Amino acid sequence: MNNICHNIQNIKQNIPESVTLIAVSKTKPVSDIQTAYDCGQRHFGENKVQELVEKQSQLQLDIKWHLIGHLQRNKVKYIAGFIYLIHGVDNIKLLKEIDKQASKHNKIVNVLLQVKIAQESTKFGMDDALLGEILQQYKNQAFPNVQIKGLMGMATNTPDKQQIAEEFSHLAHLYETYSREFPGFEYLSMGMSGDYLLAVANGSNMIRVGSAIFGAR
Ligand SMILES: *Cc1c(COP(=O)(O)O)cnc(C)c1O
């Protein structure tokens with residue numbers, strides 16, 4: 001068995017079946033994605049729109065593509081027609097643009113709201129108050145062509161496991177609370193190569209793993 005296949009199976013053995021594994025293929029060649037696809041992997045994540053669009057056009061149509069990085073409003077139109085899930089939505093203007101492009105395609109686009117749980121100022125995401133406000137607007141049908149499927153977050157890049165666990169558990173708490181009010185909530189996206197076990201232990205059901213599958217970038 002090749003390394004990519006081996007890594008995927010190894011990760012899957014360490015997580016419950018209910019957790020969706022997204023193979024984060026950013027910067028990696030199409031041939032690596034094809035290798036992972038041939039081992040049964042179907043969820044792939046990219047963080048740049050142009051790279052995502054190029055790869056999507058060269059690969060199988062049943063791949064479920066995730067846009068996991070920061071998304072600029074003017075690029076939504078390039079992915080609205082095929083994207084499976086947009087993870088990094090952290091403001092109302094972006095949500096409105098996704099809604100507009102989705103309606104042009106006559107479809108519903110699935111998104112996750114990104115909440116800032118890390119200490120670093122460089123990480124994107126909304127605060128808890130804006131999350132509440134956006135969900136209130138959503139409830140009032142402000143974005144009819146958008147389906148909010150849950151929440152996404154990135155923990156602080158620190159060796160302090162206690163801190164990471166606290167950040168994950170805070171997001172899990174928000175997710176559980178809002179899940180009661182929003183039955184469309186299905187995904188809590190948190191955890192990467194370095195912290196996915198901790199994320200799953202704290203309630204994650206969708207992990208985004210790159211280097212632990214495809215090797216260092
Ligand atoms: C790159 C990236 C990942 C994967 O990171 P690894 O450490 O390589 O697993 C996960 N989530 C986001 C948002 C990323 O940009």
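Where does the ligand sit?

1. The model is a predicted one. In it, the ligand sits in the largest pocket.

2. Around the ligand are the residues V24, K26, I68, M152, M154, M192, S193, R208, V209, G210, S211 and R217. By class, this shell divides into six nonpolar, three polar and three charged residues. Glycine is counted with the polar class, and G210 is one of the residues listed.

3. Side chains of K26 and R217 each come up to an oxygen atom of the ligand. For K26, the distance from an N or O atom of the side chain to a ligand oxygen is 2.7 Å. For R217, the corresponding distance, again from a side-chain N or O atom to a ligand oxygen, is 2.8 Å.

4. S211 contributes through its backbone: a polar backbone atom of this residue lies 2.8 Å from an oxygen atom of the ligand. As for burial, the ligand taken alone exposes 390 Å², and the protein buries 89% of that.

5. Apart from the ligand site, the structure holds one disulfide. This bond joins C5 to C39, with an S to S distance of 1.9 Å. The angle about the S-S bond is -130°, and the link of C5 and C39 is left-handed.

6. What does the disulfide tie together? C5 belongs to helix α1 (residues 3-13), while C39 is in the loop between α2 (30-38) and β2 (43-46), so the pair ties together parts that are 34 residues apart in sequence.

Note on methods
Residues are numbered from 1 along each chain as its sequence is written. This is a predicted model: local features need pLDDT of at least 70, side-chain atom pairs count only at pLDDT 80 or more; totals for chains, interfaces and linings use all residues. Side-chain values use heavy atoms; hydrogens and water are left out. A residue is near a molecule or strand if one of its heavy atoms lies within 4 Å of it. A polar contact is a pair of N or O atoms within 3.5 Å; within protein, one must be able to donate a hydrogen and the other to accept it, and residues adjacent in sequence count only if both atoms are side-chain atoms. Accessible areas come from the Shrake-Rupley method with a 1.4 Å probe; for residues, only the protein chains shown count as cover. On a 1 Å grid over the protein atoms alone, a cavity is a set of points where a 1.4 Å probe fits but cannot get out, and a pocket is an open set with protein on both sides within 12 Å along at least five of seven lines; lining residues have an atom within 4 Å of a point. A molecule sits in a cavity or pocket if more than half of its atoms lie within 2 Å of its grid points. A disulfide is a pair of cysteine sulfur atoms within 2.5 Å. Helices (H or I, at least four residues) and strands (E, at least two) are DSSP runs, numbered from the N terminus.
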